[in-house]
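Thank you all for coming. I would like to take a few minutes to go through one structure with you, moving from a single loop residue to the domains, the cores and the pockets.

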Amino acid sequence: MPHSAASETLKGVLESIKYSNDEDGYLIADLRPENAKNAVTIVGKFPGVKCGETLKVTGDWSRHPAHGPQFKATRFESELPASVFGIRKYLGSGLVKGISKGLAERIVDRFGESTLKIISEESARLQEVDGIGKQRAKSIKETWDEQSHIRDLSLFLTPYRVSPSQVLKIYNEFGFVAADQIKENPYQLARKIRGIGFKTCNRIAINMGIGNDSPRRVDAGIEFVMQELQDEGNTAFPENELIETTAEKLEIDKAVAKAGLERVFTNRILFKFELEGLTTYWQLPFNHRAEEQIAQSFIRIQSHPSCLPPIKRNKAVDWAQDKAGFEFGECQREAISMVLAHKLSILTGGPGTGKTTILRAVVSILKAKKVRVLLAAPTGRAAQRLSETTGALGQTIHRLLKFNPAEGSFTVNESKPLSADFVIVDEASMLDTRLAASLFQAIQTGSHLVLVGDIDQLPSVGAGNVLKDLISSNRIPVTRLNKVFRQAEQSSIVHYAHAINQGQVSIPATVESALDLVENKDFQFLAASNQSECSDKILKVFTHFVK
């Protein structure tokens with residue numbers, strides 16, 4: 001191992017790969033340098049390389065505490081093997097479909113250093129080797145050509161941080177003409193290959209001399225900006241603000257951005273609509289479709305009669321009250337009656353307002369009437385809590401709709417709807433637009449749907465604020481629960497949550513000692529000036545009040 005700190009270059013045959021990461025191309029491998037008896041260990045990113053290739057590697061020597069000397073590569077160049085030894089390694093690595101290690105030996109024995117040229121340019125001559133017929137020779141040639149294209153594509157894209165798995169996806173999408181397609185318009189990768197974004201495409205484009213104002217860059221940049229806005233929760237964005245944002249992010253004039261908007265609309269990359277004839281909004285296609293599907297599903301459900309058996313609502317509420325063993329509040333009685341009366345309804349209110357009592361009563365009534373009820377929530381924790389409070393099975397929405405990871409879609413849908421007469425969805429404020437569209441499409445025409453949630457909670461992680469928008473539409477019956485019931489009145493958390501919603505800024509006084517905390521209050525502040533003091537005081541709280 002050399003002792004110089006300066007970078008140096010090794011050239012040799014890649015003998016074996018000890019570890020590889022297909023995502024980023026990182027390898028730990030053995031390289032036998034030219035005119036050397038022993039191999040050395042090389043580490044670094046070598047996307048797409050195979051045993052037997054000749055590598056020219058630039059880097060520095062280091063010493064691993066357990067594995068000894070290693071050559072850390074900073075860059076490399078790859079060549080097809082030229083020596084008989086390298087060719088044997090290369091073909092025997094399993095790279096070429098149809099060539100086993102034993103067959104690789106026979107081919108190299110027959111053609112020597114000309115082996116790769118024979119496969120590439122005179123593949124019919126492979127039939128001179130025992131065990132290779134016309135069809136097998138043709139198959140070897142086809143696989144060789146495919147691997148050659150993938151290898152060349154990998155070398156072309158590696159400087160732009162495109163992983164080997166992404167290179168393979170690109171090849172599968174474009175085939176032999178992949179490099180030509182990328183050179184013609186690198187931005188199409190962002191639309192067609194998952195995991196490759198605008199910034200990667202932009203690096204390729206800059207290297208190819210594509211200008212900032214190029215229609216290819218502007219159009220792809222507009223879509224990129226819309227995707228960023230979607231990640232911030234927007235399903236649509238006003239035209240003037242979109243033009244300003246695009247011009248700023250792409251460093252182009254507003255006129256150029258506006259012209260790009262018209263092109264992407266013509267090419268159906270984005271959709272637009274006017275709201276009340278005043279403001280034009282722009283949307284990505286899947287958000288446009290999802291919102292249309294939500295509206296169509298609601299119209300479909302509302303326009304058909306209920307499949308429920310006749311229910312005398314007042315008597316049903318009295319029965320549920322007797323079963324619960326306590327008297328319902330007037331707003332709770334009205335909420336239960338409303339939910340039973342309407343095919344689509346919303347129940348909203350803050351903590352402690354009786355939503356759980358209402359759901360438990362509704363489920364009891366429906367079960368007594370032999371109605372098929374399904375309960376769901378966006379998260380597993382919420383679904384479990386729903387099960388515990390109602391006594392019925394609660395599921396996540398993904399499980400309810402039977403998500404298929406391989407297809408990236410739901411098995412239960414408009415064509416194969418849910419086998420339920422009544423569907424209750426809790427924590428509906430967490431529904432994003434696309435999940436809501438899938439759920440609503442899966443509701444049978446005669447069924448009921450109840451959305452339960454608190455619009456003052458954080459909205460969904462995905463784009464859209466479905467529950468709040470549906471309430472604002474004034475198209476669906478809504479019960480707003482405002483009264484805090486006795487079960488929650490002792491909770492300081494509930495008290496302060498409602499105070500914040502009403503714009504009342506009031507927090508408990510801060511105490512200095514853990515012993516000054518009030519035992520029966522669940523929302524208090526204890527002062528600590530640093531991390532260590534904080535840890536000590538938490539320990540005292542636990543020791544004094546919990547342990």
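Let me begin with a term: helices here are DSSP runs of H or I with at least four residues, and they are numbered from the N terminus. With that in hand, Lys-97 can be placed in the loop between helix H1 (84–91) and helix H2 (101–111). Please keep in mind throughout that this is a predicted model.

Is Lys-97 buried or exposed? Its relative accessibility is 62%, and because exposed means over 50%, Lys-97 counts as exposed. Leaving aside residues up to four places away in sequence, Lys-97 touches Ile-140 and Thr-143. Thr-143 is 46 residues from Lys-97 in sequence, yet the two C-alpha atoms are 6.1 Å apart in space.

Let me turn to the domains. The assignment gives domain 1 (8–79), domain 2 (84–153), domain 3 (161–208), domain 4 (215–283), domain 5 (292–481) and domain 6 (509–545). The C-alpha centres of domain 3 and domain 4 lie 23 Å apart, and the contact takes eight residues from domain 3 and eight residues from domain 4.

Those two domains appear again in the largest nonpolar core. That core has 41 residues, of which Leu-153, Leu-157, Ile-170, Leu-189, Leu-242, Leu-261 and Leu-270 touch the most other members. Several helices each supply at least two residues of this core, among them helix H4 (134–157), helix H5 (164–174) and helix H10 (239–250), while H9 gives the most, with seven residues. By domain, this core draws at least three residues from each of domain 3 and domain 4. To take one member, Leu-153 touches Val-167, Ile-170, Tyr-171, Ala-178, Ala-179 and Ile-182, again not counting residues up to four places away in sequence. There is also a second, separate core of 33 residues, which includes Ala-290, Ile-397, Leu-401 and Leu-470.

Now to the pockets. The largest pocket has a volume of about 1500 Å³ and is lined by 43 residues, with Arg-194, Gln-230, Phe-286, Gly-408 and Arg-434 lying nearest its centre. Helix H7 (188–192), helix H9 (215–231), helix H12 (285–302), strand E13 (409–410) and helix H18 (433–441) each supply at least two residues of that lining, which divides into 19 nonpolar, 14 polar and 10 charged residues.

The second largest pocket has a volume of about 970 Å³, and of the 27 residues that line it, Glu-291, Ile-294, Asp-469, Leu-470 and Ser-473 are the closest to its centre. The largest share of this lining, nine residues, comes from H12, and strand E7 (271–275), strand E8 (279–283) and helix H19 (466–473) are among the elements that each supply at least two. The lining of the second largest pocket divides into 11 nonpolar, 12 polar and four charged residues.

Where does the second largest pocket lie with respect to the domains? Domain 4 and domain 5 both give residues to its lining, so the second largest pocket lies between them.

I will finish with Thr-433, which lies in helix H18. Thr-433 is buried, with a relative accessible area of 3%. Apart from residues up to four places away in sequence, Thr-433 touches Thr-235, Ala-290, Glu-291, Ile-294, Ala-463, Gly-464 and Val-466. Of these, Glu-291 and Ile-294 were named a moment ago among the residues closest to the centre of the second largest pocket, and Ala-290 was named in the second core.

Terms used: Residues numbered from 1 in each chain as written. Predicted model: local features only at pLDDT ≥ 70, side-chain atom pairs only at ≥ 80, totals over all residues. Heavy atoms only, no water. 1 Å grid on protein atoms, 1.4 Å probe; cavity = no way out; pocket = protein on both sides within 12 Å on 5 of 7 lines; lining within 4 Å. Points joined across faces, edges and corners; volume = space filled by probe spheres on them. Nonpolar A, V, L, I, M, F, W, Y, C, P; charged D, E, K, R; others polar. Domains from an automatic or database assignment. Core = buried A, V, L, I, M, F, W, Y, C linked by side-chain atoms within 4.5 Å. Buried < 20%, exposed > 50% of the residue type's maximum accessible area, 1.4 Å probe, protein only. Contact = heavy atoms within 4.5 Å.
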